[in-house]
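Please load the chain in your viewer and keep the selection tool at hand. The stops below go from the whole chain to single residues.

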Amino acid sequence: MSHKGPYYDAQQVCVKGHQITDSYHRFPQRRQEHCDKCGAPTIYKCPKCDAEIRGYYNVPGAVGGGWADRPDHCHSCGSRYPWAELKAAEAIASTIHAEREALELPAILEKLDLSDNWRVASSALALFEVLVNRKLENLKLQTNGTYDEKVSRLAVQLKKEHIPFDELMISSLRTARAKVLHQGKEPTENELTDIMKYLKTATYTLFPG
Ligand SMILES: [Zn+2]
Ligand SMILES: [Zn+2]
């Protein structure tokens, strides 16, 4: 191909946005099937309309300089190139993430005058209930009834099997549950330590190994 006037060469870019060459036609040896930075496949045409991605602007007779910038949109059909599409998707994902963060518990906890200790304690207490349910299921026992009914049902069965299921643990967790979950009060540091300790013990007891 001969050019009398100035013309754009084509630009080859990997779909993630790394420029491979801005002189696709002039220097065929610079072409790459895949990106040497990230391994993604490369393109030199718009996937939507097939127009070549504009690369180096050649002015016959002039001494060239500089690189062509990587465009984000096709000059011909206006659609986003894959890397720009990717960037847009990432922007949406990060907005969603930010909104979720903004909605997150800290603000609500603060409003209710509850600390992070409360959040940890309530999760641990909920986890204990899940442990009890799972164990009942494993033992083919009923999982209906109130929390206390379930815990005692499990305690009775474990006693038969000579598995230790500490009375003190059960009553401490019941007390903590009433305070933290039902009355919505802060656990003391000691209470929180106990809750965590009991949760660990219960986990090892009910699901050893
Ligand atoms: Zn790449
Ligand atoms: Zn296009």
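Among contacts in the chain between residues at least 6 apart in sequence, 52% join residues that are at least 24 apart, a contact being two residues whose C-beta atoms, placed from the backbone, lie within 7 Å. What is on screen is a predicted model, in which local features need pLDDT of at least 70 and side-chain atom pairs count only at pLDDT 80 or more, while totals for chains, interfaces and linings use all residues. Residues are numbered from 1 along each chain as its sequence is written, and chains are lettered from A and ligands numbered from 1 in the order in which they are written.

**The whole chain**

Show the cartoon of the full chain, and you will find six helices and five strands, these being DSSP runs numbered from the N terminus, with at least four residues (H or I) for a helix and at least two (E) for a strand. From the N terminus on, the elements run β-β-β-β-β-α-α-α-α-α-α. The radius of gyration, taken over C-alpha atoms, is 32 Å, well over the 17 Å that the globule rule gives for 209 residues, so the chain is more spread out than a compact globule; that rule is 2.2 Å times the number of residues to the power 0.38. Along its principal axes, the C-alpha trace spans about 95 × 40 × 25 Å.

Now colour residues 1-103 as domain 1 and 105-206 as domain 2, bounds that come from an automatic or database domain assignment. The centres of domain 1 and domain 2, taken over C-alpha atoms, are separated by 57 Å.

**The strands of domain 1**

Select β2, β3 and β4, which form an open sheet in the order β3-β2-β4 with antiparallel pairing, where two strands pair if DSSP finds at least two bridges between them. β3 (19-21) and β4 stand at the edges with a single partner strand each, so one side of each is left without a neighbour in the sheet. Strand β2 (residues 12-14) pairs with β3 over two bridges, and the bridge partner of Q12 in β3 is T21.

Next, pick K45, in the loop between β4 (42-43) and β5 (54-58). Is K45 buried or exposed? K45 is partly exposed, with 16 other C-beta atoms within 10 Å; a residue counts as buried at 20 or more such atoms, as exposed at 12 or fewer, and as partly exposed in between. Leaving aside neighbours within four places in sequence, K45 is in contact with D50, A51, E52 and I53.

**The helices of domain 2**

Move to α3 (116-138), whose 23 residues reach 33 Å from first C-alpha to last, close to the 33 Å expected at 1.5 Å a residue, a span reckoned as 1.5 Å times one less than the number of residues. Its buried residues include W118, F128 and L136, and the buried residues of α3 pack against α2 (105-111), α4 (147-160), α5 and α6. Just after α3, K140 takes a positive phi of about 60°.

Finish at α6 (residues 189-206), where the buried residues are I195, Y198 and A202. They cover an arc of only 70° around the axis, which puts them on the same side of α6, the arc being that of the directions from the helix axis to the C-beta atoms. The buried residues of α6 pack against α3 and α5 (167-182), whereas the face turned away from that buried side carries the exposed residues E189, N190, T193, K200 and Y204.
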